[in-house]
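Work through the exercises below with the sequence and the model at hand. Each task is followed by a solution in steps.

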Amino acid sequence: MSHIFAAGLALLLLTGCQQRASEPAPPKTLHAFEDDARLEAFFKKQPAAPAPVQAAAPAPAGALAGSDSALTAEHGKHLVLLRHGRLFTVEIGKDQLKPVAALDAFAPGAAALSRYDALIVSEDTLAVIGYSEAERGTGITLFDIDAGGRLAFRAGYLLRAGDGAPGSVAISQADSKLVLYAARAPDPLADDPLAALPALRAGPAPAPFGRIAPASRVYRLDAAIDSPLALHSVIVCDLAARVLRCDASAVLAPRARAVHMASQALYVWTLPYAGEAGAGLVRMPFNGGAPGAVRVAGAPHDPFSFYESADAHLNVLVGADGATRSWRGEAGPNALALLRLPLQAFSDGSERAPMAGYKDLPDFSPGPLRNRFIGPWLVYGGAASGADGRAPLYALRWDGSGGLQRLQLAHPVERIAAMGVDAVVAGQARSALHLSSIRLGVGPDQPATVASTYVHPNAQETPAPVQEPYYAAQRPGQGMLSLAIVEAGQPDHADDASATAPADAVADTVADAASVLYLRNTALKLRELGALKAQHDAPADQAAWYGNARPLFVQGRMFALLGDELVEGKLKNGRLREARRINYAPAAP
């Protein structure tokens, strides 16, 4: 994966798949099946598969997943873009912005994928990953890319591992390894129940699938489970090899409530086992080691509620869940706690997380909760605000070295993002977009404080729910912050123009304007530099369009993706000005 989004994706894989040298092996693990016969007999005892149950979507590594996704990567002096099922390379070396090559993002003669999930660069290999509804599998298409930005198709593969439901797939990269999570319900009535196991096919049908998960790497929980089971698979593929090779391991457990990819393992928080037995939390290492599990109470709010810390602990912000027992005797519906769990607590799934591992937090008022782990801090707050537009923000050191702090903001907490070692919180109030910079103390005695608030009038964040502020650090305490916004049209300007302008021109003056806003952070003071604006209105599917609008910080330069345009901005006298743009929209038929 390109380092373009390093600021926005710091929580993703920056290290290899090897187990920490300081991390001791867990005392017990989940039990694997001895052979195919025992695994097949287990499958046939299960009830018929229910309809897919969606997990909370994994933390996104790029744009919205879909046929019109805009994905980007970087290779040497070239940007690589994926849009409308096509790959484009753009030269950016020596102050260039020049299209070089374009190629279909799928095998010659094959159909385009139904959606595109990830675009990954590893050395001179470009991998496009997405889902094919027609073939009910994950497509992995490999291309060669050379130093001149030229592209050549290498090979296409189809991975059979998941049902493709939203939230049932997660993708990441660890060095030259492609890591995928997929889930599906086994079908005990199938002629071959083992066909549910992960398998890989090279080339199009009728080429055969080859299983990549032997029975000895399929694990089960050592607990009584009444809930319908899913097959949770972690697949690791080597992108350094010319011919793709993938290995997989899988766990049979209840369907996922939330999924989180850490740097060395995948975590699955399941639906309840049975009755008051609680839910399960499964840890699946990427290095091929045996998974472990533990019983837990409550449920995480979203995939950002997880953080695997360097002290060999998993930290999770959990809320009350009426379907499982609480960590308290009588927890109300708004109960909240921080679960801090040593990795050695993961075993065969029969043991519960100790009650001492749950740190009670004040009950949280109903409404959407936003949270992020940033360095040694957990920061959270509510997207709903009071009548005056104000809302509290809470900050807590997850290692327990300090108490909970309550900060007051002049706006709701709609987005939280890291800004170096500090945080930025975005929210809309009184028809304006607010960005509050939060100083997160470095030392154990240093508190969290609201440093400043920048207000952009007559604007709001884009309708896409997945986007958040991007930050590019330049030096300690200084960097560039950017996010996509919508500026509402100005009716008073339209009135002035109505006497002389035709009706369609007046409509343009009052239409909402999409842009990417840039600000400079200097010691947590935010100063607006300017914006790069779209030349065309968003289409009917605004969420998808705005979800693909984002800033790119590449090799010290500032770009913006706006629909089908790549726009570059340059600073002149402290203000951002558009320098040039290129359009890679499909040609009109």
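**Exercise 1: backbone outliers in loops**

At 54% relative accessibility, Arg430 counts as exposed (buried is under 20% relative accessible area, exposed over 50%, partly exposed in between, with a 1.4 Å probe and protein chains only). The model is predicted: local features need pLDDT of at least 70, side-chain atom pairs count only at pLDDT 80 or more, and totals for chains, interfaces and linings use all residues. Residues are numbered from 1 along each chain as its sequence is written, and side-chain values use heavy atoms, with hydrogens and water left out.

Task: Describe the backbone and setting of Arg430, Asp95 and Pro206.

Solution.
1. Most residues other than glycine have a negative phi, and most peptide bonds are trans.
2. Arg430, not a glycine, has a positive phi of about 55°; its loop lies between strand E32 (422–429) and strand E33 (432–440). Strands (E, at least two residues) are DSSP runs, numbered from the N terminus.
3. Asp95 also has a positive phi, about 60°, and sits in the loop between strands E4 (86–91) and E5 (98–104). Its relative accessibility of 40% makes Asp95 partly exposed.
4. The peptide bond between Ala205 and Pro206 is cis, with omega about 15°. Pro206 belongs to the loop between E12 (199–202) and E13 (210–211).

**Exercise 2: a sheet**

Task: Which strands stand at the edges of the sheet, and why is one side of each without a neighbour?

Solution.
1. The open sheet has four strands in the order E40-E41-E42-E43, paired antiparallel; two strands pair if DSSP finds at least two bridges between them.
2. E40 (550–554) and E43 (575–583) are the edge strands; each has a single partner strand, so one side lacks a neighbour in the sheet.
3. E42 (residues 565–572) and E43 are joined by eight bridges, and Lys572 stands opposite Arg575 in E43.
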